[in-house]
4 protein chains.
Amino acid sequence: MRDIGVGVIGTGFMGKAHSFAYRAVAGIFPDSLRPVLQSVADINGEAAEQAAKQFGFRRWRTDWRALVDDQDIEVVSITAPNAVHREMALAAIAAGKHVHCEKPIAPNADAAKDMMEAAEAAGVVTQVGYNYIKNPILKLARSMVAAGELGEITGFRGIHAEDYMADPEAPYNWRLDASGGAGAIADIGSHIIGMARFLLGPISHVDADLETVVKSRPVRAGSSERRAVEVDDIARLAVRFERGCRGTIEANWVATGRKMQLGFELTGAKGSLVYTQERLNELLQYRTDGDPRHSGYTRIEAGPQHHPYGLFCVAPGHQLGFNDLKTIEVAEFLEAIAGGERRGPDFREAWEIQKIIDTAVRSSKSRTWQAIE
Amino acid sequence: MRDIGVGVIGTGFMGKAHSFAYRAVAGIFPDSLRPVLQSVADINGEAAEQAAKQFGFRRWRTDWRALVDDQDIEVVSITAPNAVHREMALAAIAAGKHVHCEKPIAPNADAAKDMMEAAEAAGVVTQVGYNYIKNPILKLARSMVAAGELGEITGFRGIHAEDYMADPEAPYNWRLDASGGAGAIADIGSHIIGMARFLLGPISHVDADLETVVKSRPVRAGSSERRAVEVDDIARLAVRFERGCRGTIEANWVATGRKMQLGFELTGAKGSLVYTQERLNELLQYRTDGDPRHSGYTRIEAGPQHHPYGLFCVAPGHQLGFNDLKTIEVAEFLEAIAGGERRGPDFREAWEIQKIIDTAVRSSKSRTWQAIE
Amino acid sequence: MRDIGVGVIGTGFMGKAHSFAYRAVAGIFPDSLRPVLQSVADINGEAAEQAAKQFGFRRWRTDWRALVDDQDIEVVSITAPNAVHREMALAAIAAGKHVHCEKPIAPNADAAKDMMEAAEAAGVVTQVGYNYIKNPILKLARSMVAAGELGEITGFRGIHAEDYMADPEAPYNWRLDASGGAGAIADIGSHIIGMARFLLGPISHVDADLETVVKSRPVRAGSSERRAVEVDDIARLAVRFERGCRGTIEANWVATGRKMQLGFELTGAKGSLVYTQERLNELLQYRTDGDPRHSGYTRIEAGPQHHPYGLFCVAPGHQLGFNDLKTIEVAEFLEAIAGGERRGPDFREAWEIQKIIDTAVRSSKSRTWQAIE
Amino acid sequence: MRDIGVGVIGTGFMGKAHSFAYRAVAGIFPDSLRPVLQSVADINGEAAEQAAKQFGFRRWRTDWRALVDDQDIEVVSITAPNAVHREMALAAIAAGKHVHCEKPIAPNADAAKDMMEAAEAAGVVTQVGYNYIKNPILKLARSMVAAGELGEITGFRGIHAEDYMADPEAPYNWRLDASGGAGAIADIGSHIIGMARFLLGPISHVDADLETVVKSRPVRAGSSERRAVEVDDIARLAVRFERGCRGTIEANWVATGRKMQLGFELTGAKGSLVYTQERLNELLQYRTDGDPRHSGYTRIEAGPQHHPYGLFCVAPGHQLGFNDLKTIEVAEFLEAIAGGERRGPDFREAWEIQKIIDTAVRSSKSRTWQAIE
């Protein structure tokens, strides 16, 4: 496979995760395009230089536009704060680059739609960082649903709960900016909404209750001055899927004790599935067939029989970690660029997710059910 | 402690459980009133005779009124089908008996209110069969909340899901009778609603989505004739508690694979609790204090330090079972009759639970939030 | 079924458990002989009187011989300290009573053999209190092994670990008496040895390492005077079964944190089983057949399909507790007395278990493998 | 940090894992020496060429000696079959290279000793592929033991069980070669032996029972010709540690159902730890201090507070996978080469482990306890 030039904007949590994944991907996926780490950008020059050195980028920039305009770069990865995703993505698309953008790609559905339309008009490939659904064991879950192994789906209960904002003294930060319109539901709710769609398809209606648990926060760490919080700490959604089944979804960033409670319970007439990201290499399956003396939930452990686990490790039980999921995300993105299947989630999917978030906010304000439009 | 005459109406699942508990209680609780099993009633004389023999009742009846009028009986236990609870309970109260009634005590809140008012006017003690909250480990959970060990409560997620109606060919039965107004939410939802109140106090508002998953069922096992189902198979509730926190509650009797998923996750500013009846001798607790290198969920196992576990077994880890919870229920009822604390849940509590169920049905029909009144 | 007179010697932990089970059994098992609680004996008259009142015994005694000679009593239950089991059992057998004796029945195999021979010569039925194997889910496990569902058995790893002697300041008590010859291996090791035999049949050879972890203990609580401990706190055994497979067994009463870690992992060519008494209503099963994408350990939950669970509760998932296991033990004993199957464990089985314990002590002293003879 | 030339011998399971780790390490560990992938060797030229392309090696070789003699290479990584480890390692040491060798480094302790002595004489740094102990959560476990948080250690129960040889029709392969002297105990037992030493220090005595469960295997897949197996499928060890405590260790490659049951239970006077590689981001801890109403096993989840987890991911709960453990192994090896702490396990430690394996084989043959010498 040929080389492909990559530029990464941002050097924080996700900037590092992306850089690491682009660096790793060709060593894991033998048929992958081979990323050449051309350039990394950060407004903080020191951070950019350090990242360049650490990950092996050939150049570093403080001006992301220089990276976008770089002729050696075919892929632009955007991991800067959410507020600037749109401007960066539109510029990259205009420059004809394929765009890999962290989630949420935009503060609202309209902005996401602009981005989606620009990308589709330009014919570039887009990828959004909903990495959790890249898990081989969740691909198995999806294939079970699609193959009808669980029978008609009768219910879904999804959650993404963590506790990184549980401390009332955790200071105000950009995640709380009301111009984004939403808090926990955008930051992590988008993951479980995307996972619900990945497994069961479109959501048609939502009835949401958004709650701000911590009403004000210190303007900065240790400050006695406090700023009112306008976005949700917890979002509780009742949802209806186009396929006919219903369910609930919770997003919660004040869930004391939970570090990664992203999971679901999915029930069908012939079986059911239970998953939690807390044990990301396991999937519980119940089947109604078989000897009732022996029935129960089977704990399926990820192994080489669940592609692409086997590319990471030929033996079962060894387990994938978070960074591996990011590597799969990058591999699938590169595969689409190379002309293979476009598995997404792309900007269109991100727009669909964002519409659900926007509708949930409206639903909570109006205290009524709302259709996703 | 003195003897006390007991009569049990009904010989089915709960009739047996009650008889067993009255038989067992004084052997476990040394300070308990000592039940004398005077009489058992069933319209099926053979069943009544068999139960009398098996449990050691002195007499059996086919007419429950004869039992209610029996001068040797101070306690009437009602385990007949829900539809006749009210008539039986009112007659027993009129006869001055203390009444132990299975849940739900009535098909709607108005009927429950009648029963509650009659009992309170007569001054008799009432007890309703919400046995799960009699679990010592849940008494611990409640005491933690009450003592503020979890800090301000910030969220509750409760569920009672089983799969006894999951098979679309499971025939129509009395649980599906629309005159009762509700299905899963009444039959098992009442347990988790009661548990939520036990832990966190009154619920003030509800926004419900009730769903009939299996639209029709065979009129009887194996029949090709089908009857439309009008009650809910799944009820999904968003709730607000008077104390200020919010949450969700699900009742689901088509949850393929689940046999006893009655549980909750309860989050506070200083800690959280996780419980499932599937492992009824365990409670998970997370605390925010302590060394962060060592923090996590602690699995507390029931033991003699959690009263009244120690009356069943002096050693920890040996575990209580379902029938033991029923025995605790009976013990507390008898303690109240003897003049001790009235721990309930009594008819007033059952009325409160029924109001939430009725309000949820109204909310689902109107698709709006409703206050519990 | 007819009535049968029962006398219980001892009113401690096990005295209560036996009394409770005899009281409960006919209410759960409709075809059972119906125990009449005739007499309870304790050298402490107050304890005997209190137990008589609590459990409904007609008489109480301070002299156990009076109980043994009681013409109304057919069944003598022995729960007094281990040191007196033999004398009591031989007297009861001589009086023609059926004997229910707590474990271990004797301090060594020779004494157990005397008791077994006396019982068999007299033709009375005997039962020993290895209640854990009465668990319906373990009967399922055994039936799987016997039916060949796991293929040829290739390994066994058993354990019974608790922490009731873990505190070095826990005072000296009768369990530590060297005249009994053994400590943890006798007190709880006997349970897992019995369970191993229940599942896999006779053990032929043993290689044991017995260890005294706490070398001395206070002569009584709080005393500064200490007494040397001569028996094992931990026993680690390698074993060979007559059927050909091998395994290990550990008994440990200083296992800090463990309250009831009685369990095993049993492996066969076609499947395997994992069990722990910490979750006594669950059995994990792995099967090699089926679709490898879906394979894993299935968590089987106890339900009515696992007899006699259904006599306790008609619905699955409700769970049995410790006292229920004791009730099953009593039910099976009474069934044998009534002429039904003799499921044991009887005095012969207790003797077999005791031989393994004695052999382990010898093996540990000689530091060599020893045959069970 | 400076660049460092690396050559990898072998392109199989471990060859890929090493190549991936050398490729990844500097992106995760900012202060690490930066590997330059100079050369990869495999007797199969096609495999070597493919690996070179996939991982970005500058050159490939079919003759490993050319790689060892390569002046641009400072580090030689040996992942070829065990039988040739010694020859390769001695050559690399002779050439003054630092050596990273997969386990077991040698078929017996004498060979391992030769290798260790050569390396120490030459002053090169060595690293052996016992990657599991590189897990941050196990570093936490070790630090707890070392700091006395668990009190005096009173017992250890370790296991490494998998099922890759459970199928009796799995054909004969090099792992079964009797010239290596041992089977499961060498292949995976070495991991749990190393882990025991990592946590508790030296083992002084062993009493082993080695068993060949599958007596013969097809000479190749599908063949009807069978070859006798001379090495152990299961090894069961009783051990004594120099620090005074005792324990057991099992190695088992016919453990049907188990894919990665590498774990232990470690008990002390003040607490205990439970670990399994099946959930490698979790550690269970029990502490005897604190309120007994709330005590139990705490499930500690790996997070940035457990170095070097935070270099992989700044947020807790995201989880490390198998390849990440290999990356930590490489990072620590490079740190030692750069003059930092030598954490090992090095050839000396591998020799210590091999001595225990050899002694276990002798013990099993003699059926007696043996001292490790």
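Reader: Let's start with symmetry: what rotation and what shift superpose chain A on chain C?

Author: In this predicted model, chain A is superposed on chain C by a rotation of 180 degrees with 0.0 Å of shift along its axis, and the RMSD is 0.0 Å. That is the relation of a two-fold axis. Within chain A, the C-alpha nearest that axis belongs to A:Thr298, at 2.0 Å from it.

Reader: And which surface do those two copies use to meet?

Author: They meet through the same surface, because 100% of the interface residues of chain A are also interface residues in chain C.

Reader: How many residues does the contact take from each, and what area is buried?

Author: The contact takes 18 residues from chain A and 18 residues from chain C. About 1,400 Å² is buried between chain A and chain C, and carbon and sulfur atoms give 44% of that area. On the side of chain A, A:Arg293, A:His294 and A:Tyr297 supply 42% of the area that the chain buries against chain C, which is more than any other three residues.

Reader: A:Arg293 catches my eye; what does it form a salt bridge with?

Author: Its partner is C:Glu149, with the closest N and O atoms 3.5 Å apart. The count between chain A and chain C is two salt bridges, and the rule also finds 13 residue pairs in polar contact across that interface, both residues being at pLDDT 80 or more.

Reader: Which elements of chain A give two or more residues to that side?

Author: They are helix H6 (136-146), strand S15 (282-287) and strand S16 (296-301) of chain A. The largest share of the side that touches chain C comes from S16(A), with six residues. Sorted by class, this side of chain A has five nonpolar, eight polar and five charged residues.

Reader: OK, switching to chain D: what turn lays it on chain A?

Author: A turn of 180 degrees, with a shift of 0.0 Å along the axis, lays chain D on chain A with an RMSD of 0.0 Å. The C-alpha of chain D nearest the axis is that of D:Gly321, which lies 1.9 Å from it. The same surface serves both copies here, as 100% of the contact residues of chain D recur in chain A.

Reader: How many residues does this contact take, and what area is buried between chain D and chain A?

Author: The contact takes 40 residues from chain D and 40 residues from chain A. The area buried between chain D and chain A is about 3,500 Å², of which 49% comes from carbon and sulfur atoms.

Reader: How many salt bridges does the rule find across the interface of chain D and chain A?

Author: The rule finds two salt bridges across the interface of chain D and chain A. In one pairing, A:Glu282 forms a salt bridge with D:Arg279, and the closest N and O atoms are 2.9 Å apart. Across the interface of chain D and chain A there are also 15 residue pairs in polar contact, with both residues at pLDDT 80 or more. Helix H1 (13-28), helix H2 (45-55), strand S16 (296-301) and helix H10 (322-337) of chain D each supply at least two residues of the side that touches chain A. H1(D) gives the most to that side, with seven residues. By class, the side of chain D that touches chain A has 19 nonpolar, ten polar and eleven charged residues.

Reader: What about salt bridges over all chains, how many does the structure hold?

Author: Over all chains, the structure holds 136 salt bridges. One within chain A joins the side chains of A:Glu329 and A:Lys326, at 3.4 Å from N to O. Both residues lie in helix H10 (residues 322-337) of chain A, three residues apart, about one turn of the helix.

Reader: Now backbone geometry: which peptide bonds in chain D are cis?

Author: A cis peptide bond joins D:Lys103 and D:Pro104, with omega about -15 degrees, and the bond from D:His307 to D:Pro308 is cis too, with omega near 0 degrees. D:Pro104 is found in the loop between strand S5 (98-101) and helix H5 (109-122) of chain D, while D:Pro308 lies in the loop between S16 and helix H9 (309-312) of chain D.

Reader: Which residue has a positive phi although it is not a glycine?

Author: A:Arg367 has a positive phi of about 55 degrees although it is not a glycine. A:Arg367 is found in the loop between helix H11 (347-366) and strand S17 (370-371) of chain A.

Definitions and conventions. Residues numbered from 1 in each chain as written. Chains lettered and ligands numbered in written order. Predicted model: local features only at pLDDT ≥ 70, side-chain atom pairs only at ≥ 80, totals over all residues. Heavy atoms only, no water. Contact = heavy atoms within 4.5 Å. Buried area = accessible area lost by both parts, 1.4 Å probe. Salt bridge = Lys/Arg side-chain N within 4 Å of Asp/Glu carboxyl O. Polar contact = N/O pair within 3.5 Å; in protein donor to acceptor, adjacent residues only side chain to side chain. Helix = DSSP H or I, 4+ residues; strand = E, 2+ residues; numbered from the N terminus. Nonpolar A, V, L, I, M, F, W, Y, C, P; charged D, E, K, R; others polar. Least-squares fit on C-alpha atoms with pLDDT ≥ 70 in both.
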